[in-house]
Amino acid sequence: WETRELKRGDEVPPEASVLVVLGNADIDDYDAYRVDQFVASGGKAVFAVKGVDVKADYSLTAAPLQKTALLDLLERYGVRVRRELVLDPSSQTLPFQSYNASGGMTIRYVRYPHWIVTRPENRDAGNPLTSRLAGLDLFWPSPLEIVAREGLEAVALAKTTPKSWLQTKDFAVGPDDEFRFAAEAGATTGQYLLAASVSGSFASAFAGKPIPSREGAAALPPVPDRPRESRIVVVGSADFADPWWGMEQKAE
């Protein structure tokens, strides 16, 4: 593979084999139009996205995303990213550092259901995209929903265990909030979609709409004249593809 990094709003080279979009918190309509232009012209893409923004660098707080241009685009493509967090007993155990009343530091190991470890039986073993995965860990994932779209076919790639649950409003993500992790489990326990593939003829999500503009930026080209055959993959975790977090693939 030869990779090239693009900034938000850059034109995607039409000869690119795959566009990989990591994160979506800052993407606006102008940026989303560039992505749509590529996909609607037949380009293939992988999206690692989230519906809830977790502030991991500071106090571990979370809130639903305010900018949803890319999420709106994906919904037009047949995958809805919910502005919720999904938690699962199949998860990692993490060390958390905290301070007691006297100022002493302690390290506490917490089973952290926000960092989901997907299980082989919940991945599509018949799909080439997931059949050889040795492991797929997702961090603060949001659940996905498949939305029927004419000319498109969606396939579930990975799901939670049937014992997972949601946080839909009062997001508790810090180790000191452990007693609140399962506050909504009684009403939301079930199996949820984490990753999906969509293939078929992708019409532009901006067809019939005004073309976005940005002050000081190049004018965007018109929408493609007709739907083109392509494929996208959507994963409900913006951090899963980061090399520090970890997705492992079996060697050939």
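**A tour from surface patch to nonpolar core**

V18 is partly exposed, its relative accessible area being 34%. Select this residue first, bearing in mind that the model is predicted. V18 belongs to strand β1, which covers residues 18–22. Next, add W1, V20 and L22 to the selection: together with V18, these residues make a nonpolar surface patch of about 510 Å².

**The salt-bridge network**

Turn now to the charged side chains. Across the whole structure, a search finds 13 salt bridges. Select E145 and R80, whose closest N and O atoms are 2.7 Å apart in a salt bridge. E145 is located in strand β10 (residues 144–146) and R80 in strand β5 (residues 79–81), so this pair ties together parts that lie 65 residues apart in sequence. Both partners can be inspected at the surface: E145 is partly exposed, with 27% relative accessible area, and R80 is also partly exposed, at 28% relative accessibility.

Keep E145 selected and add R82. The side chains of E145 and R82 form a salt bridge with an N to O distance of 3.1 Å. Because R82 sits in the loop between β5 and β6 (85–87) while E145 lies in strand β10, the pair ties together parts 63 residues apart in sequence.

Add E84 next. E84 and R82 meet through their side chains in a salt bridge of 2.8 Å, N to O. Is E84 buried or exposed? At 15% relative accessibility, E84 counts as buried. To complete the view, include E75: salt bridges with shared partners join E75, R80, R82, E84 and E145 into one network.

**The nonpolar cores**

Moving inward, select V39, F47 and I232. These are the residues with the most contacts inside the largest nonpolar core, which has 33 residues. Which elements give two or more residues to this core? They are β1, α1 (29–40), β2 (44–48), α2 (69–76), β5, β13 (193–202) and β14 (228–235). Colouring α1 separately is useful here, as the largest share of the core, six residues, comes from α1.

Centre the view on V39 and display its surroundings. Neighbours within four places in sequence aside, V39 is in contact with A45, F47, Y77, F202, S230 and I232.

For the last stop, select L85, F96, V173 and A185. These residues are among the 19 of another core, which lies apart from the one containing V39.

How values were computed
Residues are numbered from 1 along each chain as its sequence is written. This is a predicted model: local features need pLDDT of at least 70, side-chain atom pairs count only at pLDDT 80 or more; totals for chains, interfaces and linings use all residues. Side-chain values use heavy atoms; hydrogens and water are left out. A salt bridge is a side-chain nitrogen of Lys or Arg within 4 Å of a carboxyl oxygen of Asp or Glu. Helices (H or I, at least four residues) and strands (E, at least two) are DSSP runs, numbered from the N terminus. Buried means under 20% relative accessible area, exposed over 50%, partly exposed in between (1.4 Å probe, protein chains only). Patches are made of residues with over 30% relative accessible area and no salt bridge: like charges are joined within 9 Å, nonpolar side chains (Val, Leu, Ile, Met, Phe, Trp, Tyr) within 5 Å. Accessible areas come from the Shrake-Rupley method with a 1.4 Å probe; for residues, only the protein chains shown count as cover. A nonpolar core is a set of buried Ala, Val, Leu, Ile, Met, Phe, Trp, Tyr and Cys residues joined through side-chain atoms within 4.5 Å. Contact means heavy atoms within 4.5 Å.
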